[in-house]
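Trainee: I have a model open and would like to learn how to read its features one by one. Could you walk me through it?

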Amino acid sequence: MATETQVFGRCSEINQLIDMLLDTSTSDTDDNISVVSIAGRRGVGKTTVAQSVYCNRKVEKHFDLKAWICFKSKPFQLRISMIDMTRSAPMEISDYDNDLLDLLDLDRIEEILCEVLKGNKYLIVLDSVWDERNWKEMRSYWLVLYAIFDQLGKEGSKILVTTCSHDVANYLNARGAIVLKCLKDQVFWKLFRSCAFGDDANLSENLECIGQEISNKLVGLPLAAKVVGGLLHSRMEEHYWRDVLDNMSWQQDQETDGILTSLRLSYEFLPQHLKPCFLYCSLFPEEHRFEKDALVHYWMALDYIGSCAEGGEGEKRTPEDVGRDYFTELQHRSFFQKRKMLETSKTEFYVTHSLLHDVAKFVAGDVIYRYEYGNFIRPRIPNEVCHLYLGSTDWVNVLRRQISEVKKLQSLVVHPPPYTDSTVVDLKAIFTALSNVRILIFLDQDVATHVLTECVDSMLQLRYLEVAGGAECYKPWGGNHLCHLQVLKVTKIKYRLDDISFGSCLTQVFAKLNNLRHLYMDFYSAVSGIGLLTSLQELSRVFKVGEHEGKISQLKHLNQLRGSLLIKGLENVRDEREAKEAMLENKEYLEKLDLCWSPADKVNAASIERNENVLRGLQPHSNLKELKIISYWGPMAPSWISETKLSNIERIELFGCRIMQVFPPLGELPLLRVLRLVNLDFLEYIGNEVYGKADDQAFPMLEELVLLRLLQLKEWSEPKGGGKITMMPRLRILEIQQCRELKLPIPFALDSPLGEFKVGLYSPKLKGISLLTTYIPVNCKLSGLKILSIGPTSKVERFSGDENEWFERLTSLEELRFTDCEDLKSLPATLRSLPSLKRLHIDKCRQIHFLLEELPAALEELNMIDNCLQQATSAGAKPAE
């Protein structure tokens with residue numbers, strides 16, 4: 001999914017496409033699916049238009065399943081496209097294991113995809129479909145996909161294709177087709193102006209005139225507007241803009257190479273330090289999913305990042321900080337586009353547009369060379385190559401044949417198609433010639449082990465090593481001479497997590513990696529040698545304290561750790577003295593800390609005292625922003641959670657701390673935004689100790705409060721002094737679930753900007769508790785509430801008169817959800833009076849009956865799931881049984 005936020009001049013095309021996708025009229029054929037195409041030249045905005053349609057609310061409601069696939073012209077991409085479509089399915093539709101998909105053969109992938117699509121009305125976007133140059137070779141793959149789509153999809157399913165080729169669109173027998181043309185002058189100027197000037201309202205008249213001249217030369221191509229506009233926006237100086245205009249000396253025939261020339265110009269005007277960073281991206285295939293930090297690590301390994309500078313107030317900036325600045329500058333100039341795995345996903349990555357990729361490839365020349373399956377010729381790798389990508393099945397033969405001629409190689413990426421039948425040869429004989437390689441990315445799982453065990457010792461300059469672990473990855477491997485290694489990434493390892501031989505092997509290796517800064521491994525880091533990595537900034541996954549190895553003291557000298565750290569197995573720490581050996585208080589760059597004990601069925605006084613002492617010794621640095629404590633068995637939260645010790649804390653989660661009953665003065669924390677209390681079984685009262693010495697405001701910045709499964713909680717006391725102390729004046733989100741004894745409201749400020757309320761109570765006894773009126777003060781301002789979620793709950797059949805009056809106050813409510821309300825038989829009587837309600841979701845409420853006429857007139861979306869649909873009837877009709 002692309003992430004464009006604004007589209008210029010395409011309203012007519014977007015509306016036309018939406019009508020085509022929602023069209024349910026039968027076709028002249030017997031096919032269950034129909035194809036709609038968007039055709040147009042490169043850079044005209046096909047993907048942007050498709051994205052706007054894909055995210056449209058009407059389209060989302062119309063289809064059961066949506067998938068977005070960037071479809072390319074390589075044969076093996078058929079399998080990858082099937083995998084991507086399968087991964088796009090919601091989990092309630094498919095229960096496959098995502099991690100196993102990459103390991104399956106094409107036939108099994110096809111079976112799983114069939115299971116996902118069967119009986120669903122789906123929309124599948126095939127973005128950037130191949131052009132006519134490869135069409136003859138790719139027809140068979142399209143026919144395979146089409147057959148699968150047609151046989152299994154429900155009638156009304158659609159395929160939306162974007163392509164540069166009108167011939168391809170015609171071959172697909174598209175029932176509807178949109179041809180995108182270049183933007184008209186006035187609309188294009190509006191887009192270009194926003195890219196070049198941003199939100200600046202006070203424009204220089206001279207700059208605007210020069211900008212108008214430049215805009216006229218770009219003939220209405222949105223990509224050119226973004227890239228050239230970003231170039232100009234970086235320096236709002238008249239002489240700079242005029243230099244750009246004077247250098248626009250390309251041919252007037254913009255239909256051929258004008259767009260490429262304009263993009264090339266944008267590259268030429270890049271600052272010198274950014275040019276090699278951008279060119280390096282052409283080493284990877286088009287639509288490669290770049291992670292920001294991975295790119296920064298590549299640039300560091302190749303010495304593309306300049307010396308570290310001092311930040312504000314004497315702050316020392318790392319190469320990673322400088323590299324992220326480089327990336328941000330390139331992104332602002334539109335050299336990178338942000339994407340997401342799914343619309344709702346937090347996983348972000350970045351791609352370069354295919355035209356920009358072409359520019360980088362052209363400028364790089366023989367310095368960067370990529371050979372992939374589908375070239376169908378024996379490659380001749382240039383002797384001048386510095387960066388080499390091998391994505392072919394015969395990569396071994398390619399290296400063996402030419403490795404002695406490649407003297408300047410600094411990067412080698414081996415990423416063959418899945419199920420490449422690689423012949424295991426004497427790789428050491430090949431890799432010995434790669435003594436100058438700084439980056440090695442080796443993703444052939446069948447032979448990756450041999451790279452570890454035989455080859456890396458010869459690569460004296462290696463800075464970045466990424467391998468996919470094979471079945472024998474536990475064997476001892478090299479590392480004796482990897483003193484320059486900065487990043488080590490080992491993924492998809494197949495071995496037992498407690499394998500002692502592997503741990504002792506890594507201990508020997510870690511002793512040599514003096515400069516390692518980032519460690520990514522798919523296993524718990526219960527390895528005694530990890531404490532030797534004193535330059536380590538990032539420790540992925542988990543540090544697990546073992547009974548014998550992996551003592552917590554291994555963290556003692558890792559004071560450069562940044563980002564997040566999860567420590568598990570804290571029950572294996574003996575006392576406060578041992579806990580202090582981790583020296584968490586010295587880790588000033590750490591932002592997020594999770595402290596986790598294993599759940600215990602039985603505890604005694606000695607274990608409780610030990611847990612308290614251990615937690616006391618794990619005091620973090622005051623710079624910490626997020627803290628999560630999991631399965632801690634102790635009656636008191638640590639005293640170091642206070643304004644003086646954690647002055648920068650923004651988020652606190654206490655999860656499964658079952659006997660905790662006493663809190664430190666959380667209300668004094670000046671920056672605390674989120675507080676989550678979950679499964680504190682013995683907590684009965686939250687008393688005045690939580691406010692500390694607050695005399696004006698308590699929880700001054702708190703925006704989100706979650707109370708979940710606090711089974712004994714009876715009361716959250718108001719602060720002493722009555723109305724003198726304002727409570728939670730910024731509270732926006734309140735969630736209260738399964739607090740069966742809580743019968744008094746939470747004392748937050750009546751004028752808090754509460755916008756979301758979630759409530760549920762699943763219990764056989766509900767005496768004295770109203771889901772809606774108990775937990776929120778009677779005089780609370782409800783006019784700003786926009787989202788209300790009710791459930792899961794039992795023993796609630798209908799809403800009382802007071803609760804119906806409570807509903808009438810929700811004048812701004814936009815979304816209402818009922819989830820797993822197993823006994824609820826009717827909706828609120830005053831529901832129709834809600835003027836702003838747009839979305840109503842009813843899920844697993846099997847007893848509910850209502851008339852469609854009872855719904856508010858403003859309602860735009862009604863979702864009923866799991867036997868709810870039959871309960872909605874029109875006036876005069878008998879409800880379905």
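Trainee: Which residues does Ile14 touch, not counting residues up to four places away in sequence?

Mentor: First, a word on what you are looking at. This is a predicted model, in which local features need pLDDT of at least 70, side-chain atom pairs count only at pLDDT 80 or more, and totals for chains, interfaces and linings use all residues. Residues are numbered from 1 along each chain as its sequence is written, and side-chain values use heavy atoms, with hydrogens and water left out. Now to your residue: contact means heavy atoms within 4.5 Å. Leaving out residues up to four places away in sequence, Ile14 touches Val7, Val49, Ser52 and Val53.

Trainee: Where is Ile14 found, and is Ile14 buried or exposed?

Mentor: Ile14 is found in helix α1 (residues 11–22). Helices here are DSSP runs of H or I with at least four residues, strands are runs of E with at least two, and both are numbered from the N terminus. As for burial, the cut-offs are under 20% relative accessible area for buried and over 50% for exposed, with partly exposed in between (1.4 Å probe, protein chains only). Ile14 has a relative accessible area of 13%, so it is buried. Ile14 and Ile178 are 164 residues apart along the chain, yet 9.4 Å separates their C-alpha atoms.

Trainee: Let's turn to strands. Which strands pair with β4, and over how many bridges?

Mentor: The general idea comes first. Strands of a sheet pair through backbone hydrogen bonds, either parallel or antiparallel. Here two strands count as paired if DSSP finds at least two bridges between them. Strand β1 (residues 33–39) pairs with β4 in the parallel sense over seven bridges, and Val36 stands opposite Leu160 in β4. Strand β3 (residues 122–129) also pairs with β4 in the parallel sense, over five bridges; there, Leu123 has Lys158 as its bridge partner.

Trainee: Why is β4 described as largely enclosed?

Mentor: Seven of the seven residues of β4 (residues 157–163) are buried, so the strand is largely enclosed by the rest of the structure. Look at its two faces: Ser157, Ile159, Val161 and Thr163 are buried on one side, and Lys158, Leu160 and Thr162 are buried on the other.

Trainee: What does β31 pair with?

Mentor: Strand β30 (residues 815–819) runs parallel to β31 and is joined to it by five bridges, with Leu816 opposite Leu840. Five bridges also join β31 to strand β33 (residues 861–865), again in parallel, and Asp843 has Ile865 as its bridge partner. Four of the five residues of β31 (residues 839–843) are buried, so this strand is largely enclosed by the rest of the structure.

Trainee: Now helix packing. How do α9 and α11 cross?

Mentor: Two packed helices are described by the angle between their axes and the distance between the axes. Axes are lines fitted to C-alpha atoms, for helices over the stretch in contact, and angles run from 0 to 180 degrees between N-to-C directions. The axes of α9 (residues 185–197) and α11 (residues 222–233) come within 7 Å and cross at roughly 30 degrees. The two helices are therefore roughly parallel to each other (angles under 35 degrees count as roughly parallel, over 145 as roughly antiparallel, 65 to 115 as roughly perpendicular and the rest as oblique). The crossing of α9 over α11 is right-handed, meaning that the near helix is turned clockwise from the far one by less than a right angle, whereas anticlockwise would be left-handed. Among the residues making the contact are Phe188, Leu191 and Phe192 of α9 and Pro222, Ala225 and Lys226 of α11.

Trainee: And how do α10 and α12 cross?

Mentor: The axes of α10 (residues 205–216) and α12 (residues 238–246) come within 10 Å and cross at roughly 15 degrees. These helices are therefore roughly parallel to each other too, and α10 passes α12 in a left-handed crossing. The contact includes Leu207 and Ile210 of α10 and Trp241 and Leu245 of α12.

Trainee: One last helix: how many residues of α17 are buried?

Mentor: Eight of the eleven residues of α17 (residues 354–364) are buried, so to speak of it as mostly covered is fair. Leu355, Leu356 and Val359 are among the buried ones. Gly365 follows α17, with a positive phi near 60 degrees.
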